[in-house]
Amino acid sequence: MSVTATNSDIERAADVLRAGGLVALPTETVYGLGADAEDPTAVARIFQVKGRPPSHPLIVHIGAAHQLDDWVEEVPATARLLAEHFWPGPLTLVLRRGPRVPLEATGGLETVAVRVPDHPVALALLSAFGGGVTAPSANRFGSVSPTTAGHVRAELGDAVDFVLDGGSCQVGVESTIVDVTGGAPAILRPGGVTREDLEAVLGSPVGVPASSGVRVPGQHPSHYAPHARVVLVEPERVVAEAELAQEQGHRVGVFLPASFSGTEVKAHAVVPLPGALEAYAQGLYGYLRELDQQGCDVIVASLPAEEGLGLAIANRLRRAAGPRGVA
Ligand code: TXA
Ligand code: MG
């Protein structure tokens, strides 16, 4: 990871936040578009810049697990356990909102999503700023999340007051969101912390949403979508499907399964997928952007087995392939 943000960049970014501005910040998952969580006007600007409906709640990023109590009404034992175990890290906990959190940040909900990001630049910013930073992924609503500072600049440009560069995000898919407001913890969005990891710590099974269901407010099937149409087929059909679409006159990009043993694929652009899920997750959004940039109008891919990080990767691919324009 090439961390290029300097101490003076961090100080400047903290000043921008204090002045009610927007700062793009690196996290271990994806880049976020941050504002002072306690400034409703700054929070409103996030929605404006993203083109995101104001009813879609944001995540409050904090600098350390012990600060959680400052932001929520109460911390149930399960939440404490998960926070102690996985923070800093790609886990977001949904809890009852404390009075410090403005309703603008929660989309009017009485719950709030909180996490401690595991990235030196994000943690330095949170420490210099002192407060909480609300940050959705730093992309326009519905499009692919950014995993480099270059992605943020290309997509949001001058709409952001300051971009902190922290290199390429190591995890590459967003945090796992777990509802711990009551009853058994449930995964609202699969992400960087796996279901298996959660279950190992909790000692009990953790529910996951139906793959195509819309459970989390603000999560719609058309999220994470590139411009190209994403077509999902069985792994052994990927090459044939890609070649067929190419013959039909499409400009085809293909996510080539690591298991592919042939030599050549007749497609416009080929992404040879890494065998390890960590590397696949880390590269996923960059691959989608790359194929868009190469002018592909169709991307052919298959779903990985939904175990470990495969659950989050499959979730994002399904959403990338989902119907467009769903409200
Ligand atoms: O890894 C991540 O989580 C990244 C980085 C920047 O931290 N952030 C991120 O934010 O993915 P965003 O806004 O793109 O996605 C936040 C998700 C949305 O699906 C939203 O609906 C959900 O969190 N969320 C936020 N508050 C919630 C709440 N109170 N109850 C249920 N879901 C909530
Ligand atoms: Mg997002």
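What percentage of the 327 residues of the protein count as buried? That's where I'd like to start today. The figure is 56%. One caveat before I go on: this is a predicted model, so please hear everything that follows in that light.

Okay, the overall picture. The protein has 10 helices and 13 strands. The radius of gyration is 19 Å, close to the 20 Å that the globule rule gives for 327 residues, so the protein is as compact as a globular protein of that length. If you line the protein up along its principal axes, the C-alpha atoms fill a box of roughly 60 × 45 × 35 Å.

How about contacts along the chain? Take the contacts between residues at least 6 apart in sequence: 67% of those join residues at least 24 apart. Then the surface: the accessible area comes to about 13200 Å², and carbon and sulfur atoms account for 50% of it. On charges, we have 24 positive and 36 negative, and the mean positions of the two sets are 5 Å apart.

Now let's zoom in, beginning with helix α3, which covers residues 77-86. Two neighbours in sequence are worth a look here, L82 and A83. L82 has a relative accessible area of 0%, so we call it buried, the cut-off being under 20%. Which residues does L82 touch, leaving aside its neighbours within four places in sequence? The answer is W87, L91, L93, V178, V180, L198, V201 and L202. Pick out V178 from that list: it sits 96 residues from L82 in sequence, yet the two C-alpha atoms are 9.5 Å apart in space.

A83 is buried as well, at 3% relative accessible area. Setting aside neighbours within four places, A83 is in contact with A65 and L93. You'll remember that L93 was also on the contact list of L82. For a sense of distance, A83 and H119 are 36 residues apart in sequence, and C-alpha to C-alpha they are 16 Å apart.

Just past that helix comes something to check on your screens. Most peptide bonds are trans. Which peptide bond is cis, with omega near -5°? It's the one from W87 to P88. P88 lies in the loop between α3 and β4, the latter being residues 91-96. And W87, on the other side of that bond, is one of the residues that L82 contacts.

Let's move along the chain to helix α9, residues 277-293, where we find L288. L288 is buried, with a relative accessible area of 2%. Beyond the residues up to four places away, L288 touches V144, Y224, P226, F255 and I299. Compare that with E236: 52 residues from L288 in sequence, and 21 Å away, C-alpha to C-alpha.

Next, helix α10, residues 310-320, which holds I313. Buried or exposed, this I313? Buried, at 0% relative accessibility. Outside its sequence neighbours within four places, I313 is in contact with L277, Y280, A281, L284 and P304. Have a look at the numbering there: α9 runs over residues 277-293, and the contacts of I313 include L277, Y280, A281 and L284. As for H223, the separation from I313 is 90 residues along the chain and 13 Å between C-alpha atoms.

Last topic, the cysteines. A disulfide is a covalent bond between the sulfur atoms of two cysteines. How many disulfides does the count come to here? It comes to 0. Two of the cysteines to look at are C169 and C296. C169 is buried, with a relative accessible area of 1%. C296 is buried too, at 6%.

So, to wrap up: 10 helices and 13 strands, 56% of residues buried, a cis bond from W87 to P88, and 0 disulfides. That's me done, over to you.

Key: Residues numbered from 1 in each chain as written. Chains lettered and ligands numbered in written order. Predicted model: local features only at pLDDT ≥ 70, side-chain atom pairs only at ≥ 80, totals over all residues. Heavy atoms only, no water. Disulfide = S-S within 2.5 Å. Buried < 20%, exposed > 50% of the residue type's maximum accessible area, 1.4 Å probe, protein only. Helix = DSSP H or I, 4+ residues; strand = E, 2+ residues; numbered from the N terminus. Rg over C-alpha atoms; globule rule 2.2 N^0.38 Å. Contact = heavy atoms within 4.5 Å. Areas by Shrake-Rupley, 256 points an atom, 1.4 Å probe, with all protein chains shown as cover. Lys, Arg positive; Asp, Glu negative; His and termini not counted. Charge placed at Lys NZ, Arg CZ, Asp CG, Glu CD.
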